[in-house]
Amino acid sequence: MSEVLLSICIPTYNREDRVRERVDRILKGCDSNKIEVVVSDNASTDNTEEILSGIKDRRFRYFRNENNLGIGGNVLRIVER
């Protein structure tokens with residue numbers, strides 16, 4: 001991917017009903033290759049991982065925490081990434 005100028009970070013936990021729609025809306029709304037959408041899944045117990053695995057846009061990145069870090073820990077982790 002070319003140089004990223006904007007990273008849109010989405011920390012999530014058990015939001016299978018919302019997160020895919022949010023990611024799709026961002027990716028469809030911006031045709032620039034200078035953005036990325038990064039989701040940090042905080043060890044969700046629902047189908048978040050399966051739902052997001054269907055996104056095949058190179059501007060999208062998905063990470064899953066092995067353990068729930070709490071909201072603060074998940075936000076810090078996504079900023080690190």
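**Exercise 1. The loop of A43**

In which loop does A43 lie?

*Solution.* The structure is a predicted model, in which local features need pLDDT of at least 70, side-chain atom pairs count only at pLDDT 80 or more, and totals for chains, interfaces and linings use all residues. Residues are numbered from 1 along each chain as its sequence is written, and side-chain values use heavy atoms, with hydrogens and water left out.

Step 1. Locate the elements: helices (H or I, at least four residues) and strands (E, at least two) are DSSP runs, numbered from the N terminus. A43 lies in the loop between strand 2 and helix 2 (48-52).

Step 2. Consider the backbone: A43 is not a glycine, yet its phi is positive, at about 60°.

Step 3. Classify the accessibility. Buried means under 20% relative accessible area, exposed over 50%, and partly exposed in between (1.4 Å probe, protein chains only). A43 counts as buried because its relative accessibility is 12%.

**Exercise 2. A second positive phi**

Describe the position, backbone and accessibility of N14.

*Solution.* Step 1. N14 belongs to the loop between strand 1 and helix 1.

Step 2. Its phi is positive, about 50°, although N14 is not a glycine.

Step 3. With a relative accessible area of 23%, N14 is partly exposed.

**Exercise 3. The sheet**

What is the order of the three strands in the open sheet, and which strands are the edge strands?

*Solution.* Step 1. The order is 1-2-3, with parallel pairing; two strands pair if DSSP finds at least two bridges between them.

Step 2. Strand 1 (6-12) and strand 3 (60-64) each pair on one side only, and they are the edge strands.

Step 3. Neighbouring strands are turned by 15° against each other on average, direction ignored. Axes are lines fitted to C-alpha atoms, for helices over the stretch in contact, and angles run from 0 to 180 degrees between N-to-C directions.

Step 4. Helix 1 (residues 19-29) packs on the sheet and touches strand 1, strand 2 and strand 3; its direction makes about 170° with that of strand 2. Contact means heavy atoms within 4.5 Å.

Step 5. Helix 3 lies across strand 1 and strand 2, at about 155° to strand 1.

**Exercise 4. The cover of strand 2**

How many of the residues of strand 2 are buried?

*Solution.* Step 1. Seven of its seven residues are buried.

Step 2. In a regular strand the side chains alternate between the two faces of the sheet.

Step 3. Both faces of strand 2 are covered: one side holds the buried residues I35, V37, V39 and D41, and the other E36, V38 and S40.

**Exercise 5. Two residues of strand 1**

Compare the surroundings of I8 and T12.

*Solution.* Step 1. Strand 1 contains I8, and T12 lies in strand 1 as well.

Step 2. I8 is partly exposed, with a relative accessible area of 23%, whereas T12 is buried at 5% relative accessibility.

Step 3. Strand 1 and strand 2 (residues 35-41) pair in the parallel sense over seven bridges, and I8 stands opposite V37 in strand 2.

Step 4. Not counting residues up to four places away in sequence, I8 touches I26, E36, V37 and V38. With the same exclusion, the residues that T12 touches include V19, V39, D41 and N74.
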